[in-house]
Amino acid sequence: MKKFISVKDTEDPKGLVKKAIEIKKDPFSNPIGKNKTMGLIFFNPSLRTRMSTHKAAMNLGMNVINMNIDKDGWKIEFNDGAVMDGDSQEHIKDAVKVMSQYVDILGVRTFPGLKDRNADYNEEVISNFIKYSDVPVVSLESATRHPLQSLADLVTIEEIGIKKPKVVLSWAPHPRVLPQAVPNSFAEWVKVTDADLTIACPEGYELADEFMTGAKVSHNQEEAFKDADIIYAKNWSSYTHYGQKPEVKEDWKVTSEKMNLTNNGKFMHCLPIRRNVIATDEVIDNSMVYKEAKNREYAAQAVLQEILENL
């Protein structure tokens, strides 16, 4: 594994899930990262991704360097051939070339601007890291995907132990405009399993075709919830009307009454979650969200270990 940006970067996604579960039994048994360094570069805030990946690297014996690029570094220029006589002090080419001399693996987290769909879906930031880095690059979330989160989600679903579960990825309300990265990635990863996936969303909130293909689609949340084994709730903005929030008249908040429609279904969410907006307190407090968050550590460790084994 030379990079980890999406499910396409692993030859055996199911095997990677099993590897994470095995690591969970004894996360300190393989110090393969001794005398190696992980660089964690953040263009955006992070709690679980930052701490879980840092911990995963330490479990493998790695040193870790954390950097908030917007606070700790110079303003970055991304355009090739730019005349840098404005606010940008350092070109991405120079920054990444230097960073990759100090570390053995680079982790990068960035969000989309949600203004220009083509720019976001071309993954300007992480693509430049891959282009200029001399070491493997791991996505800590990008403009369009969040693979470490999705791997942890699959680990959690596997541990629930249901063969061919009915999984519902459900849109839910949020006061802010959010990216499609988590639902895109979740759909992409679930489709490599034996699960039956339904994407439930209001009209106008369908994901890009490449992520919807192979999943059932429902615009009726309660209908989608019937007999489901797993409800994965997440908000996202419109892909078609890019970065916008088309009006939704129905109540898409996940409640206990809606969960009662499921087959004793388990509630999942990547966190952070807006309580009593995305889902009610009762739903969250009886959910898988903390186990899911803990599994972020072992998912990251499985990825880092696989990369280190192939350096």
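Okay, let's start with two residues you can find in the viewer: Phe43 and Phe129 are both buried. Keep in mind that this is a predicted model.

Now, how do we talk about two rings? A pair of aromatic rings is described by the distance of the centres and the angle of the planes. This structure holds nine aromatic pairs, and I'll take you through a couple of them.

One of them is Phe43 with Phe78. Their ring centres are 6.5 Å apart and the planes sit at 45°, so we call this pair tilted. And where do these two come from in the chain? Phe43 is in the loop between strand S2 and helix H2, while Phe78 is in the loop between strand S4 and strand S5. That's 35 residues apart, so the pair links distant parts of the chain. Phe78 is buried, just as Phe43 is.

Back to Phe43 and Phe129, then. Here the centres are 6.1 Å apart with the planes at 90°, so this pair is edge-to-face. Phe129 belongs to helix H6, residues 124-132, and Phe43 to that loop between S2 and H2, so the pair ties together parts 86 residues apart in sequence.

Put these together and you get one aromatic cluster, formed by Phe43, Phe78 and Phe129.

Before I stop, let's look at charges over rings. What lies over the face of Phe42? That's Arg50, at 4.0 Å from the ring centre. There's also Arg117, which lies over the face of Tyr239, at 4.2 Å from the ring centre.

Conventions
Residues numbered from 1 in each chain as written. Predicted model: local features only at pLDDT ≥ 70, side-chain atom pairs only at ≥ 80, totals over all residues. Heavy atoms only, no water. Phe/Tyr/Trp six-rings, centres within 6.5 Å; stacked < 30°, edge-to-face > 60°. Helix = DSSP H or I, 4+ residues; strand = E, 2+ residues; numbered from the N terminus. Buried < 20%, exposed > 50% of the residue type's maximum accessible area, 1.4 Å probe, protein only. Lys NZ or Arg CZ within 6 Å of the ring centre and 35° of its normal.
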